[in-house]
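User: Could you walk me through this fold, one question at a time? I would like to see the reasoning behind each answer.

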Amino acid sequence: MDTVVRRVVNSLFIANTFLVTNPETRETIVIDPGSNHEKIIQAIEENSLRPIAIIATHGHIDHVLGTHPIKEKYHIPFYIHYADEQFLTPEAHTFLEPYMDTWKITIAKPDKHLEEGILEIGSIKLEIIHTPGHTPGGVCIYIGDKLFTGDTLFRLSIGRTDFGGNIEDLINSIHNKIFKLPKNTIIYPGHGEETTVEHEIQHNPYMGINGLYPYKQK
Ligand SMILES: [Zn+2]
Ligand SMILES: [Zn+2]
């Protein structure tokens with residue numbers, strides 16, 4: 001089954017939300033619902049999608065702010081790695097006070113914890129790959145030949161590690177997990193445009209073969 005990916009760009013930190021759909025059943029996984037839940041719901045309704053789960057690649061606010069309204073509307077479970085539950089409180093976001101009334105933030109409580117391994121939700125089969133570094137509970141979601149990397153790896157960049165992360169973990173996650181996937185894997189990052197494993201091995205200025213933390217090809 002080849003899934004169809006739709007992207008919604010959210011205004012808060014220009015984060016990407018992805019709607020991953022099985023075109024035969026319309027069943028859809030909502031990955032990283034960000035700040036613009038109305039836009040996300042509009043994309044779901046306009047395309048007659050059937051949301052069956054919310055999965056967050058990690059707990060940062062720009063990737064989970066839409067969890068509450070989307071859960072309220074569709075009554076679907078919200079999955080996140082337990083190590084990132086620490087970010088799902090208003091108190092974790094006081095640094096955002098210059099931008100928004102953080103006391104008004106409501107983030108849904110997770111229903112299920114992600115673990116590394118295969119996960120089947122409805123008719124959609126996915127693999128959860130634990131990729132700590134940007135945050136302790138960061139994961140990548142591998143569906144067919146597509147990889148949703150959250151803020152672990154971007155096109156020609158990597159995630160920052162100063163909001164609960166660790167650079168050594170990030171390097172290990174990218175080199176030992178993401179770069180071990182087939183070279184033609186399409187990467188859908190949490191911010192910015194898509195790329196491939198091959199492109200990042202060749203050109204990423206941090207993790208590529210000529211990068212700051214160079215990847216060593218066998
Ligand atoms: Zn993040
Ligand atoms: Zn982000």
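User: At what angle do helix 1 and helix 3 pack?

Analyst: Keep in mind that this is a predicted model. Helix 1 covers residues 37–46 and helix 3 covers residues 67–74. Their axes lie 9 Å apart, and helix 1 passes helix 3 in a right-handed crossing. The packing angle is about 40°.

User: Which residues of helix 3 make that contact, and how many of the contact residues are nonpolar?

Analyst: Helix 1 brings His37, Ile40 and Ile41 to the contact, and they meet Pro69, Ile70 and Lys73 of helix 3. By class, the contact has 1 charged residue and 1 polar residue. Charged here takes in Lys, while His falls among the polar residues. So the helix 3 residues are Pro69, Ile70 and Lys73, and by the class rule the nonpolar count is 4.

User: What is the strand order of the sheet that includes strand 1?

Analyst: This is an open sheet of 6 strands with mixed pairing. Strand 1 and strand 6 (112–113) each have a single partner strand, so they stand at the edges, with one side of each left without a neighbour in the sheet. The order is 1-2-3-4-5-6.

User: Which strands does helix 1 touch, and which strand does helix 3 run at about 145° to?

Analyst: Helix 1 packs on the sheet, and its direction makes about 150° with that of strand 1. The strands touched by helix 1 are strand 1, strand 2, strand 3 and strand 4. Helix 3 lies across strand 3, strand 4 and strand 5, and the strand to which helix 3 runs at about 145° is strand 4.

User: Do strand 4 and strand 5 run parallel or antiparallel?

Analyst: Strand 4 spans 50–55, and strand 5 takes in residues 78–80. Ile54 stands opposite Phe78 in strand 5. The two strands are joined by 2 bridges, and their sense is parallel.

User: In which sense does strand 2 pair with strand 1 and with strand 3?

Analyst: Strands of a sheet can pair either parallel or antiparallel, through backbone hydrogen bonds. Strand 1 and strand 2 share 6 bridges, with Val8 standing opposite Thr17. Strand 2 and strand 3 are joined by 4 bridges, and Leu19 has Val30 as its bridge partner. The sense is antiparallel with strand 1 and, again, with strand 3 the sense is antiparallel.

User: How many residues of strand 2 are buried?

Analyst: Side chains in a regular strand alternate between the two faces of the sheet. In strand 2, Asn16, Phe18 and Val20 are on one side, with Thr17, Leu19 and Thr21 on the other, and both faces are covered. The buried count is 6 of 6 residues.

User: Which residue in the turn between strand 1 and strand 2 has a positive phi?

Analyst: Most residues other than glycine have a negative phi, so a positive one deserves a look. The hairpin of strand 1 and strand 2 has 6 residues between the strands, and one residue in the turn has a phi of about 60°. That residue is not a glycine, and it is partly exposed because 17 other C-beta atoms lie within 10 Å. It is Phe13.

User: What about the hairpin of strand 2 and strand 3: which residue takes a positive phi there?

Analyst: This hairpin has 5 residues between the strands, and the phi in question is near 70°. The residue is not a glycine, and it counts as partly exposed because it has 16 C-beta neighbours inside 10 Å. It is Arg26.

User: Is Ser48 buried or exposed?

Analyst: Ser48 sits in the loop between helix 1 and strand 4. A residue with 12 or fewer other C-beta atoms within 10 Å is exposed. Because Ser48 has 9 such neighbours, it counts as exposed.

User: Which strands are at the edges of the sheet with the order 7-8-9-10-13-14?

Analyst: This open sheet of 6 strands has mixed pairing. Strand 10 and strand 13, for example, pair in the parallel sense over 4 bridges, and Gly150 has Pro189 as its bridge partner. The edge strands pair on one side only, and they are strand 7 (117–121) and strand 14 (195–196).

User: What is the radius of gyration of the protein?

Analyst: The protein comes to 5 helices and 14 strands, and 43% of its 218 residues count as buried. A compact globule with 218 residues would have a radius near 17 Å, which agrees with the value for this protein, 16 Å.

Notes:
Residues numbered from 1 in each chain as written. Chains lettered and ligands numbered in written order. Predicted model: local features only at pLDDT ≥ 70, side-chain atom pairs only at ≥ 80, totals over all residues. Axes fitted to C-alpha atoms, helices over the stretch in contact; angles between N-to-C directions. Left-handed = near helix turned anticlockwise from the far one by under 90°. Contact = placed C-beta atoms within 7 Å. Buried ≥ 20, exposed ≤ 12 C-beta atoms within 10 Å, placed from the backbone. Rg over C-alpha atoms; globule rule 2.2 N^0.38 Å. Pairing = 2+ DSSP bridges.
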